[in-house]
Amino acid sequence: MNATSTPPGKPAGPAVPRHADRIDMQAMPQVLGRLMRLAGRHPWHCALAILCALGAAIFNLIMPRLLGQAIDQTTHLLAAAQSNLPLARNALSLTAGLIVGACAVRGVLTGLQGYCGEALAQHVGFDLRLAFYDKLQRLSYAYHDRIHTGELIARGMLDLEGVRAFLESGVLRMVTLVLLLSVGAWRLLSLDLTLGLLALSFVPFVFWNAMRTGLGLRISWQRLQKMMAELTLRMEENLQGVRVVRAFNARLFEMARFDEVSRRALRLSNDRITLRMRGISLTALAYYTSMGLVLWIGGGRVAAGGLSVGTLTEFLTFITILQQPLRQISVIVNASARASSAGARLFEVLDTDAGIADAPNARALETAAGELRFEGVAFSYGQGPHAKRVLEGIDFAVGPGRTLGIVGPPGSGKSTIAHLIPRFYDVSAGRITLDGHDIRTLKLASLRNAVGLVQQENFLFDTSVHNNVAYAEPAADAARVVSAASVAQIHEHVAQLPQAYGTRVGERGVALSGGQRQRMTIARSLLDRPAVIVLDDSTAAIDPATELRVRAALQGVMQQAATIIIAHRLSSLKHADEIIVLEHGRIAERGTHAALLAAEGRYAALWRLQNRGAQAQRDAVAATGPSGRADFPLRQDAGGAELQT
C-alpha cells in the first residue's frame, strides 16, 4: 500500500499533491513568511533573541576598530617617546582590556542568542505539533482514505523538525550577517574606497553561489523528504504486519525492499552533502582571494606610507570576523531550503479543508431519543467523473426498542451505511435525520456521542482494559465499566487477568483473541448508553453460543435505543424487526425474517446456503442409525441451525 492508496472497492479521490522536482519560487517567501508570523506569537522570546544577535554583531564590529586604533596609538607613542616603553605598555594594556571585555560581552550575548533562539524554535515547534495533530483528528475519512499513515507521520515529525530548525539556525544568523555587512561595509568604504571594495569583493560571489546552491539543496531536500516518508511507511507497515511477515517467512524479501529505499535515501543524502560542501569550498576560495588582494594592495600602501598599519589591521580583522558568518551562508541556505520544502508539505496538511465539520449554525443534540431515518440516501466515493456510486435510494427508519438488520454481499454498501450515521462521510443525495434533525445541522460531538458504532476493525489502545472500555468517557467509574463489560460478555475473562481491569492489552489488543477484542469494542460502545447502536459485523469472531449470551444481555440496552445490526451470519438477524437486503447499493428486499424466507428471494437463498452444511451433517448422523458414531457432537445456535463444536 502506498501513500495514495485507497480502500478496496473505492475509487481514488483527488490525489494528494506531491512535490515535483521543480522549484516554486513563490513558495519559499510564503512558507518562510508564515514561519516568521508563527514566531511573532512569542514576542518576548523573539525580541530577546534578536536583541542578543544584534548585540553580538555590534561587539563584533567594535573589535576591528579597537585593534586598529591600538596599533596606530602604539606606533605613535613609540615614535614620539622612543624610550618611553611604560607609556606604550599602558596604552596596549588598556586596548587589550577593552578587546577582552568586548570579547567577553560578545560571548555572553552569543550564548544568550543561541539559548533564546532554541527556546523560540521549540515554542514554535510545539505550536505546530499541536496544530498538526489537531488537524489530523479533524480531517475526514475521505482524506485518510487517500494518504498513508506513514506519510503523515513523516510530515508531522521529520518535516516539522526541518521547519523548527530554520528558526534556530537560519533567522538569527541572517540578522547577524545583515548587520555585520551593512555597518562593516559602510565603515570600510569610508576608510578607503579601493581597499573597501577589495575587502567586500567576495560578498557578491558568495551570495550568487549561495542562491545557486540553495536551489539545488531544495530539490535535494524535496527528494530526500519523500524518500524518508517512504522509509517511514515501510517501517510502520511492516511493524504492524510483522506476524504476516514471519508467517510467510518473508523477512529477506522485506529487508531487500527496505534496503533498496535506504540506499536511495543514502545516495540523496550524499548528493546533498556534496552540493553543500562544494558551495562551502567555493565560498572559502573567494574569501581567501579577497583577503590576499587586501593584504597585497594594502601592504604596498603601508610600505609607501599612504596607509597606516592600524587601518590595514582593521581591514584584515573585519574580513576575518566576517569569514564565519559568510561561511555560514551555506547553513542558512540549507536551513531555508529544507524549511521551504518541509514547510510546504506541512502547511499543505494544515491548510487542507477538514471536509466534515460543524455547520455555522449547527446545534447540539441535548438528549437523543433515537429516531433514525434514511430518506432517499445516495452516496459516492470520490468526486467528478471518477466517482463511484455505492448507495442509491436507501430509505428506512428505526426507532427506540426497534432493530434493523442489514445483509448483503461484500461491496454492497453495508459498512458505508454504518459510516454515514455518525457522519464520517456526508451523503451525496437525500438526507439522514436523527429525532427529525438533519444530522448535517447537528454538532459533530453531540451526534457522535449519541451513536455507538462497533466497527469491523476492532482497534484497542495499548493501555489497560479499563481505559479501553472507558475511552468514550475517561472519567467513568469502575462500576460503569464493569457493567458495560458484563453486557458484552467479557467481564468473566477480564476478572481472571493478572491485574483484572488494570491489565494492559498490548498494541492493538494483541494480548486478546479476536472474539475478546470484539467484545471489548462492544463494551466500549455501550458505556454511554447511546441512543443509536450500530453493530457492523461486530460478532463475526464470536462463537454462536457467546453471541447468544451477548444478544440476551443487550436486550435491556436495545429497549432504549435504535439498533442496526450488519452481519453476514443470518442467524444474528433473525430477531430483527426488519431486515433489508442490499445488492449493488440498492435495497433488493426488505421484511421480517419469516416474510423474507416465504418470499423465496435472495435472503431465502442465502439462508439455505448457510444452513446447507448443518443439514448435510444431520442427514449423515441419521444415516448411521442410533448405534452409529458421529465424529463431531452437534449443538444448535441461536437461529436453530446445528453447528459443529
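**Buried residues, cores and ring pairs**

Student: Does S446 count as buried or exposed, and in which helix is its place?
Tutor: At 13% relative accessibility, S446 falls under the 20% cut-off and therefore counts as buried. This value, like every other one here, is computed from a predicted model. As for the helix, which spans residues 444–450, the place of S446 is in α13.

Student: Which residues are in contact with S446, once its neighbours within four places in sequence are left aside?
Tutor: Contact here asks for heavy atoms within 4.5 Å. With those sequence neighbours set aside, the residues that S446 touches are R363, A364 and L365.

Student: In the largest nonpolar core, which residues touch the most other members?
Tutor: This core is made up of 40 residues, and several helices and strands each supply at least two of them, including α14 (465–469), α17 (514–526) and β7 (532–536). A general tendency fits the topic: in soluble globular proteins, nonpolar side chains tend to be buried together. Among the members of the core, the residues that touch the most others are V465 and M520.

Student: Which residues does M520 contact beyond its neighbours within four places in sequence?
Tutor: Those neighbours are left aside, and contact again asks for heavy atoms within 4.5 Å. What remains for M520 is a list of L460, V465, N468, V469, I490, V505 and L512.

Student: How many residues are in the other core, which lies apart?
Tutor: The other core has A57, A199, L275 and I329 among its members. Its number of residues is 37.

Student: Is the pair formed by F461 and Y471 stacked or edge-to-face, and what about F379 and Y381?
Tutor: A pair of aromatic rings is described by the distance of the centres and the angle of the planes. For F461 and Y471 the centres are 4.6 Å apart and the planes stand at 25°, so this pair is stacked. F379 and Y381, which are both buried, have 4.9 Å from centre to centre and 85° between their planes, and this pair is edge-to-face.

Student: How many residues apart in sequence are the parts that the pair of F461 and Y471 ties together?
Tutor: F461 lies in the loop between β6 (451–454) and α14, whereas Y471 lies in the loop between α14 and α15. The pair therefore ties together parts whose separation in sequence, in residues, is ten.

Student: Which residues form a nonpolar patch on the surface with I153?
Tutor: I153 lies in helix α5 (residues 149–191), and at 32% relative accessibility it counts as partly exposed. The patch has about 260 Å² of accessible area together, and the partners of I153 in it are M157 and L158.

How values were computed. Residues numbered from 1 in each chain as written. Predicted model: local features only at pLDDT ≥ 70, side-chain atom pairs only at ≥ 80, totals over all residues. Heavy atoms only, no water. Core = buried A, V, L, I, M, F, W, Y, C linked by side-chain atoms within 4.5 Å. Buried < 20%, exposed > 50% of the residue type's maximum accessible area, 1.4 Å probe, protein only. Helix = DSSP H or I, 4+ residues; strand = E, 2+ residues; numbered from the N terminus. Patch = residues over 30% accessible without salt bridge, like charges linked within 9 Å, V, L, I, M, F, W, Y side chains within 5 Å. Areas by Shrake-Rupley, 256 points an atom, 1.4 Å probe, with all protein chains shown as cover. Salt bridge = Lys/Arg side-chain N within 4 Å of Asp/Glu carboxyl O. Phe/Tyr/Trp six-rings, centres within 6.5 Å; stacked < 30°, edge-to-face > 60°.
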